[in-house]
Amino acid sequence: MNSILLIGFMGAGKSTVGSLLAQKLNWPMIDLDDLITEKIKMPINDYFDQFGEAAFRQVESNVLKDNLRTKAIIATGGGIVVSALNRSLLKAQPKVIYLKTEPQTLVTRIKNDTKNIRPLATEKSQGEIISLLNGRLTHYEDSAAIVVETTERSPEEIVEEIMERLAMA
């Protein structure tokens, strides 16, 4: 049984939807960012500041590889598709779901999120965040087996669509 991987920009709802989906399927939920934080023994934004994005992406690739064979719902970080290696790993998986969200909705969620510190968005303007998203859009779509529109939908509605689409796959 293959894992189900959720990809999408920061603020798309990967962790929220992943938790609900894991409950529905009675599968474990893995948040790759949590595993990365455990591995690097510091917050991701501190690691970014100290070692840079390239070093972080290498750690991210290793953690992704280590968990692909796990029967779990895996919520990835928003930038997982930046790495060509990660994109090829994702494309080889049959159950990669892109949670697609309108840019303005993402910006609102990111700016209002007090729980998650996002190293590539905390000090960026709305235009810069949308530009970052636009640079990743084709990578998300190319890496996914299923695309689910999430704008103005509840996490429960999104999970229901995912369950239906996986049943047909």
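In the predicted model, Glu123 counts as exposed, because its relative accessibility is 76% and exposure begins over 50%. Glu123 is placed in the loop that runs between α6 (103-112) and α7 (126-143). Between Glu123 and Pro103 there is a separation of 20 residues in sequence, and their C-alpha atoms lie 17 Å apart in space.

A loop position of the opposite kind is provided by Ala12, which is found between β1 (4-7) and α1. Ala12 has a relative accessible area of 3% and is therefore buried, the limit for that class being under 20%. Although Ala12 and Lys100 are 88 residues apart in sequence, the distance from C-alpha to C-alpha is 6.9 Å. When neighbours within four places in sequence are left aside, the contacts of Ala12 are with Leu99, Thr101, Leu106, Arg109 and Thr150.

The helix that follows this loop, α1 (residues 14-25), packs against α8 (residues 155-168), with the two axes 9 Å apart and an angle of about 55° between them. This angle makes α1 oblique to α8, and the crossing of the two helices is right-handed. On the side of α1, the contact is formed by Thr16, Val17, Leu20, Leu21, Lys24 and Leu25, which meet Pro155, Glu156, Ile158, Val159, Glu160, Ile162 and Met163 of α8. Sorted by class, the residues of this contact comprise nine nonpolar, one polar and three charged.

Ile162, one of the α8 residues in that contact, also belongs to the largest nonpolar core, which has 47 residues. Within this core, the residues with the most contacts are Ile7, Phe9, Ile97, Leu99 and Ile162. Apart from its neighbours within four places in sequence, Ile162 is in contact with Leu6, Val17, Leu21, Ile97, Leu99 and Val148. Leu99 is thus a contact of Ile162 and is listed as well among the contacts of the buried loop residue Ala12.

A further helix pair is formed by α4 (residues 53-67) and α5 (residues 84-91), whose axes come within 9 Å and cross at roughly 20°. Because angles under 35 degrees count as roughly parallel, α4 and α5 are described as roughly parallel to each other, and α4 passes α5 in a left-handed crossing. Arg57, Glu60, Ser61, Leu64 and Lys65 of α4 make this contact with Leu85, Asn86 and Leu89 of α5. By class, the contact of α4 with α5 consists of three nonpolar, two polar and three charged residues.

Key:
Residues are numbered from 1 along each chain as its sequence is written. This is a predicted model: local features need pLDDT of at least 70, side-chain atom pairs count only at pLDDT 80 or more; totals for chains, interfaces and linings use all residues. Side-chain values use heavy atoms; hydrogens and water are left out. Helices (H or I, at least four residues) and strands (E, at least two) are DSSP runs, numbered from the N terminus. Buried means under 20% relative accessible area, exposed over 50%, partly exposed in between (1.4 Å probe, protein chains only). Axes are lines fitted to C-alpha atoms, for helices over the stretch in contact, and angles run from 0 to 180 degrees between N-to-C directions. Angles under 35 degrees count as roughly parallel, over 145 as roughly antiparallel, 65 to 115 as roughly perpendicular and the rest as oblique. A crossing is left-handed if the near helix is turned anticlockwise from the far one by less than a right angle, and right-handed if clockwise. Contact means heavy atoms within 4.5 Å. Ala, Val, Leu, Ile, Met, Phe, Trp, Tyr, Cys and Pro count as nonpolar, Asp, Glu, Lys and Arg as charged, and the others, Gly among them, as polar. A nonpolar core is a set of buried Ala, Val, Leu, Ile, Met, Phe, Trp, Tyr and Cys residues joined through side-chain atoms within 4.5 Å.
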